[in-house]
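Got your viewer open? Let's take a short walk, one selection at a time.

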Amino acid sequence: MKFVDEYRDADIAKNLSAEVQRLSEGRPLKLMEVCGGHTHTIYKYGIEDVLPSNVDLIHGPGCPVCVIPMGRLDDAHAIARQPDVIFTTYGDMMRVPGSQGSLLDAKAEGCDIRFVYSPLDAFKIAKNNPDKRVVFFAIGFETTAPSTALTLLRAKAEGIKNFSVFCNHVMILPSIKALLDSPDLRLDGFIGPGHVSTIIGCEPYRFIAEDYGKPVVVSGFEPLDVIQGVRMIVQQLADGRSEVENQYTRVVPWNGNAKALEIMGRTFALRPFFEWRGLGFITHSALKLSDEFADWDAELIYDVPGLRVADPKSCQCGEVLKGVIKPWECKVFGSACTPETPIGTCMVSSEGACAAYYNYGRFSLAAQRNALRQEQEAVA
Amino acid sequence: MNKFSYDPALRQLEKIDIVRRQPARLKDSQVTLSHGSGGKATHNLVEALFAANFSNPLLDSLDDGAIFPIEAGKLAMTTDSYVVNPLFFPGGDIGELAVNGTVNDLAMCGAKPLYLSVGFILEEGFPMDDLKRIVESMARAAEAAGVTIVTGDTKVVNKGKADKVFINTAGVGILRPNVNVAATNAQPGDKVIVSGAIGDHGITILAERGELELEADFKSDSAALNGLVAAMFDVTNEIRCLKDPTRGGVATSLNEIAKASNVTIAVKENTVPVRAETRGACEILGLDPLYIANEGKLLAIVPAEFADAVVTAMREHPHGKEACIIGEVWAEPQGLVFLQTEIGGNRVVDMLVGDPLPRIC
């Protein structure tokens, strides 16, 4: 298929990998892919099998579903249970457990919860059901925030008042900074998020390269994009450089999307702080609706508990999100916590490191176990 | 001249008798609760629609059940319910699915499908023309598959208590002699065969719902596979496993076999046939064709020495033109399906979690 197959060529992948091997000279390297989309690609295509074994990919906090704390889900439940409310959400959020169960459970109890592919779908539901109150559960980084912003502008222009937004948009840069300041993590470079960068551009990552001395390469989501991104980081390290580079030039403009940033600036305002699942409170890391759009702000319209709910004790999503442990090193991975019955958010979304690893990645572990067994048998 | 013919009351009775002796006619434009009451309206519906279309000696007496002789040997029996939304879609409809699905389940047991039962649950207010269309489609599908519908049942529920129409079919078939088809039979070294391009049915239903505004020529692959299976058994009785990968797709069916047989199934991604339209839709929606439902495809596990001959025979059959080998069975690690990806990596292909496409069959 055109525009797909050229980014999945096995021979090119092999050549790129050989270059990574040559440039890195076998030194162990820890590179973080910030974005959950990359995590998904890495596992879906088995990229770890293609890259040389000295390159260790660490999965970062850029999975929008994964970073939503339990308290916000309980707030979502509280809104969904109000009379005459149709609560709309992206499909992934349906299965995330809150302290009262998931939205799927709430739906089974009789709440009108519908999954949508975009906020505009939710807006359409509002227009078609004037006697109902439609709430959109807005989540995501700068990638999805502009479509929420656009929908809010439409709602205001058309005077549609039975639509509101429960805003949980978060921003990527404060979370990367929090990671860089965290003492328990040593990284050699970053695969920068491709989709977020179509909005914010590449310039904002400069502090990572300049203040923290780590190379950043904004990369696309096809397998060869990721492998080439890794190659570009390794090249920088070999050259002793730390810069921001753009591998994904076919999509990401260096200065981002000015129009999208402008409408975000009008519809949203910075929250002083926001709780990230597993990472705790991070200052200036999330968006709420601006005063101009107070009439569409579900947090102002509905009574939400707004409580902080501690994660289940056994859940190590925080350490997984920070890349401190690998998914399978979590105590409950694959036993108490599986995609069917997730305890933590990382096991829910297909972009979550645990779900990606559980669904796609177990073969290498099974193969390792077999190799070990055979070795033991040979010794015996 | 009849001596009563001048008595107006008796003449009236005679007229009523004549009308009552006429074949049942269905005049209603929609299904009402009285069609499920067991009374005259039910009788009319059964005679004028169901019996008229499905007509065969076992059904026509309209007894409480069908009585038929069987040859010596083993019977296979299966049942399935159909709740697909929308009812009509490019390449098929709920009626055709209800026949083909049950025929295919019997064929996948290694049986020759013979007789089906059909149960309708109708929502009050369902248009009679749509019901006719469904019944006619079932009759055509049964004829094409060489099976007869020998008994049935109709219920009508209040508006809102069911979604338009639900259909259950059960079927019996005679097991072919000297075959042993079961999910537990896969052995290391065997080859995995698929009968054609995967994912068409699920994507068609998704596109047809109109929620995604996808525009392309999708068409469900709905088909009865008993003929194809017969052509495969003509090559060899040594077919170890047969599955029709409906809900959950190829990934789920292969997992069932890998777990039941305690083997690994290794699939090569670039050998799995997927139509360009289906692949494109999957790329856009973030779906994996391996998990998308099929209604006219089968998977077979066959010993390596027969694999090429079976594929050749399948390709000569209209429903197996694109048959090919997509993988093989390994001994270890047990119970896993994995995919050798196009770029040269590996990944596990697990069973479907959740429900990406509700009510596809």
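## Start at one phenylalanine

Keep in mind that this is a predicted model. Select A:Phe166 and show what surrounds it: leaving out residues up to four places away in sequence, A:Phe166 touches A:Ala76, A:Ile79, A:Val135, A:Phe136, A:Phe137, A:Ala138, A:Ala298 and A:Glu299.

Next, pick helix H4 of chain A, residues 70–80. How many of its 11 residues are buried? Eight are, so the helix is mostly covered. Colour them in: A:Met70, A:Arg72, A:Leu73, A:Asp75, A:Ala76, A:His77, A:Ile79 and A:Ala80. To see what lies over these buried residues, add some of the covering elements of chain A, including strand S3 (85–89), helix H5 (103–108), strand S5 (133–140) and helix H13 (298–301).

Now widen the view to the largest nonpolar core, which has 209 residues. A:Phe166 is back here, among the members that touch the most others, along with A:Val230, B:Val165, B:Ile193, B:Ile265, B:Ala300 and B:Val310. Which helix gives the most to this core? Select H4 of chain B, residues 94–108: that helix supplies eight residues.

Stay with chain B and colour its two domains, 33–175 and 183–348. Their C-alpha centres are 28 Å apart, and 20 residues of domain 1 are in contact with 21 residues of domain 2. On the domain 1 side of that meeting place, H4, strand S4 (111–123) and helix H5 (128–145) of chain B each give two or more residues. H4(B) gives the most, with eight. Finally, colour that side by class: 12 residues are nonpolar, six polar and two charged.

Technical notes: Residues are numbered from 1 along each chain as its sequence is written. Chains are lettered from A and ligands numbered from 1 in the order in which they are written. This is a predicted model: local features need pLDDT of at least 70, side-chain atom pairs count only at pLDDT 80 or more; totals for chains, interfaces and linings use all residues. A residue is buried if 20 or more other C-beta atoms lie within 10 Å of its own, exposed if 12 or fewer, and partly exposed in between; C-beta atoms are placed from the backbone. Helices (H or I, at least four residues) and strands (E, at least two) are DSSP runs, numbered from the N terminus. Two residues are in contact if their C-beta atoms, placed from the backbone, lie within 7 Å. A nonpolar core is a set of buried Ala, Val, Leu, Ile, Met, Phe, Trp, Tyr and Cys residues joined through C-beta atoms within 7 Å. Domain bounds come from an automatic or database domain assignment. Ala, Val, Leu, Ile, Met, Phe, Trp, Tyr, Cys and Pro count as nonpolar, Asp, Glu, Lys and Arg as charged, and the others, Gly among them, as polar.
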